[in-house]
Structure formats: C-alpha cells, structure tokens
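Trainee: I've got a model open and I'd like to talk through how its pieces pack. Can we go through it together?

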Amino acid sequence: LHKQLGRGLREVALYLFGAVGLFMLLALVTYSPGDPGWTHSGAFGSVENAGGVAGAWFADVFLYLFGYMAYLFPFMVFYAGWLLFRGRKEAGEDAESGKGQGLYATLRATGFLLTMATGAGLSHLHFAPVITAVPLSAGGVLGDVVGGGLMDIFSFLGATLFLLALFLTGITLFTGLSWLWLMDATGEWTLRLFAWLRRKLDDVRDRRVARKARQRREKTVKVAKKRTEGKKPPKIEPV
C-alpha cells in the first residue's frame, strides 16, 4: 500500500507540475506590454495574455525580475515534476535517509538559483532588450544587479567568463548533466554523421561512375550496330 501510494503521489506531482509549467510557458509566450501587470496598468477589460489576468501579472513580474531567463522557469518546473515522478535518488548510499534526501534537494535548489542568477547576468551583458518581449531589460532586475556588479569588478570579459563558468556549474548541479560526457557524445555523433555523409557521397560517386560506364557501353553498341547495318550478311556456299 505504501508503494502504491507513493507511486500515485508521484504521478499526481507530475500532472500538477506539468500543468503549472505549461501555464507559465503560455503566459510568458503571450506576454503583451498592454496587459495589466505589476509594472504598469493596462486597459480595463483588455487582456491579450493566454493566461488571463493571472498570466499577465505572472509574465510581467517574472520578465521584470529575470528578463529572458524567465522562460527557463517552465522547463525547470517540467524537469522537477519529472524527477519527482521517477523518484530518482542520487544523493549517494544514504539516499534513503532524510539527510541524503535533504542534501540532494539542497544541491538541486542551489543549482537552480545559480543557473537563474548567472543566466540573467549573461543576458544583461550580451543581449539587447526587446520592448515587446521584456518590460525592463534582457536580464531583468537580477541581471542588472549580478551582471552589472561583476562587470564593475572584473570588467566585461572577466565577468563573462566568471558567469559562464558558474552557469555551467548551476546546470550540472540542477540536472546532473556532465559537460565532459556531452562533449564526448557530441564528438562521437559528429564523427558518425561525417562517416554517414562520406558513405552517401561514395555511393553517389559509385552510381555516377556506373552510369557513365553504362552510357559508354550503350554508345559503343550503337556504333557497332550502325557499322553492321549497311553490310550484307556473308553468304556461305556449300562445298
């Protein structure tokens, strides 16, 4: 009964997290500066956001605070729901204990916060804001604080390198992704792609050579037929 209850709760968590993530994504994608929100008041009764007034407020607040990185929130929610559904325990041998689960959750939360902060800082440094897409800037308030503060200390290049390293670290902590494995996998599939393309090119070249050889044989046969058409067949007389 305990296992069945746990499985049912994980399935419910997947549905809830999926619904919340989908609502957040629709609200962010259909953001309109004319909708009423936290940073400004729109026309009464006119809401273009697919999430209604709640979606308009959510999109306005999150885009104002995090800029383009707000679009990462729905996918983080999807992934968190998937992790709960699978019931993954990667905290080590003591994963069944409360201490192991607490450490596991702390690392995930730290990775999520680190990814959001550094991503907002990178967006502030490298992307220009679009007025119809974000209410403030590409990195939002968080990006202005993190990116602008680090740029004043480490310069533009130093801040970029520092934020990029922390951004990759945050993704690894949250998702468990190994960038070395990703590089190896990318190289392997790239080599496979080149090998496949090379085989296809060899097949095309072989077919082209075979077609040319067939055309030469057909031409030779035609020439031989023309030569024999005007000649009379030899007459063999009996001895």
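Trainee: Which residues of α5 do Leu 63, Tyr 64, Leu 65 and Phe 66 in α2 meet?
Mentor: Keep in mind that this is a predicted model. By class, the contact of α2 with α5 has six nonpolar residues, one polar and no charged ones. On the α5 side, the residues met by that α2 stretch are Gly 140, Val 141 and Leu 142.

Trainee: Are α2 and α5 roughly parallel or roughly antiparallel?
Mentor: Take helix α2 as residues 52–66 and helix α5 as residues 140–175: their axes come within 2 Å and cross at roughly 10°. Angles under 35 degrees count as roughly parallel. So α2 relative to α5 is roughly parallel.

Trainee: Which helix gives the largest share of the largest nonpolar core?
Mentor: That core has 26 residues, and Phe 66 and Phe 73 have the most contacts inside it. At least two residues each come from α1 (2–29), α2, α3 (72–86), α4 (98–126) and α5. The largest share is six residues, and the helix supplying them is α5.

Trainee: Leaving out residues up to four places away in sequence, what does Phe 66 touch?
Mentor: Phe 66 is in α2, among the residues that meet α5. Setting aside those sequence neighbors, the list is Phe 73, Met 116, Ala 120, Ala 138, Gly 139, Gly 140 and Leu 142.

Trainee: And what percentage of the protein's residues count as buried?
Mentor: The protein has six helices and zero strands. Its accessible surface comes to about 16400 Å², with 68% belonging to carbon and sulfur atoms. Of its 239 residues, the buried portion is 27%.

Note on methods
Residues are numbered from 1 along each chain as its sequence is written. This is a predicted model: local features need pLDDT of at least 70, side-chain atom pairs count only at pLDDT 80 or more; totals for chains, interfaces and linings use all residues. Side-chain values use heavy atoms; hydrogens and water are left out. Axes are lines fitted to C-alpha atoms, for helices over the stretch in contact, and angles run from 0 to 180 degrees between N-to-C directions. Helices (H or I, at least four residues) and strands (E, at least two) are DSSP runs, numbered from the N terminus. Angles under 35 degrees count as roughly parallel, over 145 as roughly antiparallel, 65 to 115 as roughly perpendicular and the rest as oblique. Contact means heavy atoms within 4.5 Å. Ala, Val, Leu, Ile, Met, Phe, Trp, Tyr, Cys and Pro count as nonpolar, Asp, Glu, Lys and Arg as charged, and the others, Gly among them, as polar. A nonpolar core is a set of buried Ala, Val, Leu, Ile, Met, Phe, Trp, Tyr and Cys residues joined through side-chain atoms within 4.5 Å. Buried means under 20% relative accessible area, exposed over 50%, partly exposed in between (1.4 Å probe, protein chains only). Accessible areas come from the Shrake-Rupley method with a 1.4 Å probe; for residues, only the protein chains shown count as cover.
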